[in-house]
Amino acid sequence: MKKLAALLFIAFTSFAHAQEEGPFHPMDALTPTEIENTVKLLAAAGDVDKDTRYPTMALREAPKDVIRSWKKGQPFTRAAFVIVQKKGKIFESVVDISGKKVLSFTEKPGAQPMIMDYEWAKARDNFMADPRFKVAMEKRGFKDMKQIFCTPNSAGSFPGDGLQGRRILKVPCFSGDERLHPLLARPIEGLMGIVDTNSGEVLDVLDREVVALPPAPDGYGKTLPKPDKPLKPIAMIAPKGPNIDLSGNLEIKWNRWQMHARADKRAGLILSLVRFDDGKKLRDVAYQMNLSELFVPYMSPDPTWSYRTFMDAGEFGLGYLISSLKPGVDCPPNAIFVDLTFPNDIGGTYTRPAALCVFERASGDPAWRHYVAKDQSVSGVPQVELVVRHIPTLGNYDYVIDYVFSPQGNITLRTGATGFDAIKSVPSKDMESATALEDTQYGNLIAPYTVAINHDHYFNFRLDLDIDGPKNSLVRDAFYPGPAKGSVTRKSLWTLKTGRYTAEGPIVPDHAATGGEIWRIINPNEKSGLKFNPSYWINTNHQANSILDPNDPPQLRAGFTQQTLWVTKRRDDQYWAAGLYPNLSTKDEGLPAFVSKKESIINEDLVLWYNVGFRHAPRPEDFPILPTFWHEMTLRPAFFFDRDPSMTFNPGTLETKD
Ligand SMILES: [Cu+2]
């Protein structure tokens, strides 16, 4: 029996990437100094004052062709895209940081930018100071108001409710002490404040039914049950250090892959210039990949619930609410942790420590293997892959967002939902309670007196894929059953038919292709060694389309959820699937508008937009904390290489001795 001697000497230290300010690369996030200079330039032009707020302050990317041809060491220019809130008006501005001038400053009447810190606090404080709040709490038996926790939500948009055009947050409250149980585990039902954050006015207080609070749940915080007898440690380790090369702010190289990563207040993380070295040349796979929107609509008709139709990226920001990662829990001990810096609302920055982790994962699976019975030999290599991870926490949910790169040339986009379900206090103790049927019409009882409302999650990934260069087409391989022509023994066989899409739009499934469809993005201008046009499969694992009425108000705002895959020609100003301003929007100004001209997509620079999604009908097993619920899609090379690039993959092995 061999022993892994190396294990004896391993100390569980985590690695941190020390950053200097930069910028080192034209795709780097705006640095604190650049943000400061942007505000100074706007102030010098008389466009902003000390009371101005900045719901968006982000890198304005240089043109794609400029960035693609940029080489390390060459100079580059920098610019900022800024959304400004000044005296109740909204402006968009482009600031040339390198040239030290404001290029544009344009009012956008009616635009509703992302929710800002001060608005959130104002909505909470004004509601809690309202006399109607006190009355409602006393009615529910609360004497100590410090025990109450109110947390404003984005409001959605519902034509005819009299709130159109106002800047609204809706405020539910909870009874809670976070040291005892999840902060949002004991909702105070039947109560909601509606606050206009521009005027500060509490426009309305819905004070409806009084429902007893569920008991503090067991199994969290101080009430954590005694753990089982511990297992002997199981861990992922890199005893000789990582194989990952991190440089600048932030370039990542691992095995044959390389890419650039930057923090973004709205998207969380943006990966750019994703390339694979095939041993002969560095090959383009993706110019850019990021989450563009995250839509979570709940399915309750209750007036204090029905508005809950959240656009987490465009309303709050996945970077804005990114969390610090805990070594050994969120990422393995061999991970490299990177602090991320984001712009705040007041023209400065904040840094979230260890908000990104990058690590190699030995999956425990064979990358490939074969057993030869004749001599009983096994040949093969173990699979190791690179994971780039961050975890935004949007109120109750934590979303683990992974980009996984394999030596086979695959890129898997994974979303792991954890945290806890949004719950509603109900009178039912269990499913034999008299009220159970009514209480569970729109959700499931997941604990006594606790219903988790049904809902969807749609993660829209913007995939600016460049397969061996920007000019690509989109094709479909469809499987059709047919007669076995020429065979005397078979009755039927399936065959593959390949067709090309011609125009922008949502990709609508073809139900005639009874064997299914595979989409591929293909470069018609290049040839592999076998004389194929190189392509990548879009492997559809977890897809979900909305099944709501397209004219339901939340659905009008989230038209991008009508189909899993969309394709557009790349345009510089099209980044967000639900549009630039999804907060309080009445219709989706993103994908449905982007494709409206149905322009040609044959041999063009294309962007694919893919919804990883799922319908969530919660279970008691989701309580008290939802065990990480993974969904994913994979981009897989097809006819891109002439053979498996992982045939030469050579992961190191731990030294062993007898
Ligand atoms: Cu869910």
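This briefing walks through the domains, the nonpolar cores, the salt bridges and one strand near the end of the chain. The model is a predicted one. The domain assignment splits the protein into domain 1 (16–107), domain 2 (117–223) and domain 3 (265–323 + 391–639). Its largest nonpolar core has 95 residues, and the structure holds 40 salt bridges.

**Where domain 2 meets domain 3**

- Taken over C-alpha atoms, the centres of domain 2 and domain 3 sit 32 Å apart.
- On the contact count, 37 residues of domain 2 touch 33 residues of domain 3.
- Interface size is often quoted as the accessible area lost when the parts come together. Here, domain 2 and domain 3 bury about 2600 Å² between them, with 64% of it on carbon and sulfur atoms.
- As for charge pairing, there are 0 salt bridges between domain 2 and domain 3, but 7 residue pairs are in polar contact.
- On the domain 2 side, the elements giving two or more residues to this interface are α3 (117–129), β7 (153–154), β8 (168–171) and β10 (191–196).

**Nonpolar cores**

- Within the 95-residue core, M289, V388 and F405 are the residues that touch the most other members.
- Strand β16 (residues 282–297) supplies the largest share of that core, with 6 residues.
- Domain 2 (117–223) and domain 3 (265–323 + 391–639) each put at least three residues into this core.
- V388 has a long list of contacts beyond four places in sequence, including I252, M259, L269, V358, I401, Y403 and F405.
- There's also a second, separate core of 20 residues, and I35, V39, A80 and F91 are among them.

**Salt bridges**

- Side chains of opposite charge can pair when their charged atoms come close.
- For a local example, take K134 and E138, whose side chains meet in a salt bridge at 3.5 Å, N to O. They're 4 residues apart in helix α4 (residues 131–139), so about one helical turn separates them.
- K134 is partly exposed at 47% relative accessibility, and E138 is partly exposed at 47% too.
- E517 and R476 form a salt bridge with their closest N and O atoms 2.6 Å apart. This pair ties together distant parts of the chain, with E517 in strand β31 (residues 517–522) and R476 in strand β28 (residues 471–483), 41 residues apart.
- R476 is buried, at 14% relative accessibility.
- A network of salt bridges links K64, R68, R275, D284, D464, D466, R570, D572 and D605.

**Strand β35**

- Strand β35 covers residues 626–638, and P637 lies in it. T634 is in β35 as well, and so is E632.
- E632 forms a salt bridge with R414, the closest N and O atoms being 3.3 Å apart. R414 belongs to strand β23 (residues 411–419), and the two partners are 218 residues apart.
- E632 is partly exposed, with a relative accessible area of 23%, whereas R414 is buried at 16%.
- T634 is buried at 3% relative accessibility, and its side chain makes a polar contact of 3.0 Å with the side chain of T412.
- P637 has a relative accessible area of 18%, so it counts as buried under the 20% cut-off.
- Beyond its neighbours within four places in sequence, P637 contacts Q408, G409, N410, S535 and Y536.
- P637 and P624 are 13 residues apart in sequence and 40 Å apart in space, C-alpha to C-alpha.

Note on methods. Residues are numbered from 1 along each chain as its sequence is written. This is a predicted model: local features need pLDDT of at least 70, side-chain atom pairs count only at pLDDT 80 or more; totals for chains, interfaces and linings use all residues. Side-chain values use heavy atoms; hydrogens and water are left out. Buried means under 20% relative accessible area, exposed over 50%, partly exposed in between (1.4 Å probe, protein chains only). Contact means heavy atoms within 4.5 Å. A nonpolar core is a set of buried Ala, Val, Leu, Ile, Met, Phe, Trp, Tyr and Cys residues joined through side-chain atoms within 4.5 Å. Domain bounds come from an automatic or database domain assignment. Buried area is the accessible area (1.4 Å probe) that two parts lose on being put together, summed over both. A salt bridge is a side-chain nitrogen of Lys or Arg within 4 Å of a carboxyl oxygen of Asp or Glu. A polar contact is a pair of N or O atoms within 3.5 Å; within protein, one must be able to donate a hydrogen and the other to accept it, and residues adjacent in sequence count only if both atoms are side-chain atoms.
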